[in-house]
Amino acid sequence: MKTPYLFILTLMLCIFSTYSFAHQLSTSYITLNSKNDNDTNKKQYTGTWQINIADLEHDVPLDLDKNGQISWAEIKAKRSSINNFITENLNITQNEQACPLTSEGIYQLDNHFNQPYLVIPLMFSCNGNETISLSYSAFFKTDANHKSIVNINGVSRVFNINEAQQTFSFEKSSYLSTFNQYVYQGVLHIWIGIDHILFLIALLLTCVLKRSDKTWQGISSKKQIIKHTAWIVTAFTLAHSITLTATAMNLVSPNSRWVELGIAISVLFAALNNVWPLVLRLGWLTFAFGLLHGMGFASVLGELGLSNDYQLLSILAFNLGVEIGQLSILLIALPLLIYVRNYTWYKKWLMPMGSVAIAIIALQWSIERF
């Protein structure tokens, strides 16, 4: 097989390998708040663990009648198994002493990114305001990309397969630790936010090309390519920075369902526009779509939680992390695209086929999110 076609096949496989991740990777959410119990001189923690029902099904078989549908009655019937799952995968200690965890109370339903979640009540007690440690092991065996966003008294941590045990200290955090934490989360989100990545790639695929006589031709001037790309990236950055900040500060409160649908449509349009060009000057269009993506970033930041001590700093740091993640993708992709821009196989095969693959994925997301 000739090298260009092997390159095309490899890229197509890479694109379709992201398909199964859609927008939201496997994620659970643990939220806890505490109050002093004067009778026992202990601090009592209460809250919830929200688990995607599809994830829970992998460890606790819920579809008892095997009809492909999980009913509320089936969930209630498996409560004992769910309780065992909780105690096996979530452990809290303080000074190497276990803080017994219980899950008594009423189950509820919620949704994140249009996926049904089971809301499980949690409760445990520990001594005073001392540091507590939480160990988390759920779902890593079935999905190495799973993560849990844990917020205790406004202190947030993200648990993944490499960081399955973390401590929570409730003393006032420092500027530097808050800044580092939220920059890291911003970078992490852009790297795992497949829809944001595909939107950026769809735009970059034609940043090295120009339309002439109804065909795509490579732009000869690298300076012009960099200038054109800088304008596109700046428009996207400015737009999502505005809405990320406004949404995180509750200045606007968009419906997350329509935001996610809008993001999917933006990816679909950007990809199809490469194949059947309707808009050649993408700056203002990228700005408009960037406003939607900023609201999507803000929804993740909202679930992560803002620092109680430095709310504005955490917003700015998260936004900076998003920019760093975005620029890292750009620094990898753009030199490669500049190198291949004049090859016929890129202009006639790789760019259109890659765009169609992205469009197919985005169309499926649009249907799922509608």
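The following questions and answers go through a predicted model, from its strands to its cores and a cavity.

Colleague: In which order do the 4 strands of the open sheet stand?

Modeller: The pairing in this open sheet is antiparallel. Strand S4 (97-98) and strand S11 (165-168) are at the edges, each with a single partner strand, so one side of each is left without a neighbour in the sheet. The order is S4-S3-S8-S11.

Colleague: Which residue in S8 does threonine 93 stand opposite?

Modeller: Strand S3 covers residues 90-94 and pairs with S8 in the antiparallel sense. That pairing runs over 4 bridges. Opposite threonine 93 stands serine 133.

Colleague: How many of the residues of strand S10 are buried?

Modeller: Strand S10 spans residues 155-159. Val155, Arg157 and Phe159 point one way from S10, Ser156 and Val158 point the other way, and all are buried. In a regular strand, side chains alternate between the two faces of the sheet. The strand is largely enclosed by the rest of the structure, because the buried count is 5 of the 5 residues.

Colleague: Which residue takes a positive phi in the hairpin of S9 and S10?

Modeller: S9 and S10 pair in the antiparallel sense, over 5 bridges. Within that pairing, isoleucine 149 stands opposite valine 158 in S10. The hairpin has 2 residues between the strands, and the positive phi, near 50°, belongs to asparagine 153.

Colleague: Is asparagine 151 buried or exposed?

Modeller: Asparagine 151 lies in strand S9. Not counting residues up to four places away in sequence, asparagine 151 touches Ile30, Thr31, Leu32, Ser156, Leu304 and Gly305. Buried means under 20% relative accessible area. With a relative accessibility of 13%, asparagine 151 is buried.

Colleague: Phenylalanine 139 is not a glycine, so what is its phi, and is the residue buried or exposed?

Modeller: Phenylalanine 139 sits in the loop between strand S8 (132-136) and strand S9 (147-152). Its phi is positive, about 70°. The relative accessible area of phenylalanine 139 is 4%, which makes it buried.

Colleague: Lysine 214 also has a positive phi; is that residue buried or exposed?

Modeller: Lysine 214 is in the loop between strand S12 (209-212) and strand S13 (215-218). The phi of lysine 214 is near 65°. A residue counts as exposed over 50% relative accessible area. Lysine 214 has 74% relative accessibility and is therefore exposed.

Colleague: Which element gives the largest share of the largest nonpolar core?

Modeller: This core has 41 residues, of which Leu198, Phe199, Leu204, Val208, Tyr346 and Ile358 touch the most other members. Two or more residues come from each of H6, helix H7 (222-248), H8, helix H10 (311-340) and helix H11 (344-369). The largest share is 9 residues, and it comes from H11.

Colleague: How many residues are in the other core that lies apart from it?

Modeller: Its members include Tyr45, Cys99, Leu101 and Ile120. The size of this core is 34 residues.

Colleague: What is the relative accessibility of isoleucine 82?

Modeller: Isoleucine 82 belongs to helix H4, residues 79-89. Leaving aside neighbours within four places in sequence, isoleucine 82 is in contact with Leu56, Val60, Leu62, Ile75, Tyr107, Leu118 and Ile120. Isoleucine 82 counts as buried, and its relative accessibility is 0%.

Colleague: What separates the C-alpha atoms of isoleucine 82 and lysine 35?

Modeller: Along the chain, isoleucine 82 and lysine 35 are 47 residues apart. The separation of their C-alpha atoms is 26 Å.

Colleague: Which helix supplies the largest share of the lining of the second largest cavity?

Modeller: The structure holds 2 cavities of 30 Å³ or more, and the second largest has about 50 Å³ of space. Helix H6 (194-204), helix H8 (256-275) and helix H9 (283-304) each supply at least two residues of its lining. The largest share, 4 residues, comes from H8.

Colleague: How many charged residues does that lining have?

Modeller: The second largest cavity is lined by Phe199, Leu203, Phe269, Ala270, Asn273, Asn274, Leu282, Leu285, Thr286 and Phe289. By class, 7 of the lining residues are nonpolar and 3 are polar. The number of charged residues in the lining is none.

Notes. Residues numbered from 1 in each chain as written. Predicted model: local features only at pLDDT ≥ 70, side-chain atom pairs only at ≥ 80, totals over all residues. Heavy atoms only, no water. 1 Å grid on protein atoms, 1.4 Å probe; cavity = no way out; pocket = protein on both sides within 12 Å on 5 of 7 lines; lining within 4 Å. Points joined across faces, edges and corners; volume = space filled by probe spheres on them. Nonpolar A, V, L, I, M, F, W, Y, C, P; charged D, E, K, R; others polar. Buried < 20%, exposed > 50% of the residue type's maximum accessible area, 1.4 Å probe, protein only. Pairing = 2+ DSSP bridges. Core = buried A, V, L, I, M, F, W, Y, C linked by side-chain atoms within 4.5 Å. Contact = heavy atoms within 4.5 Å.
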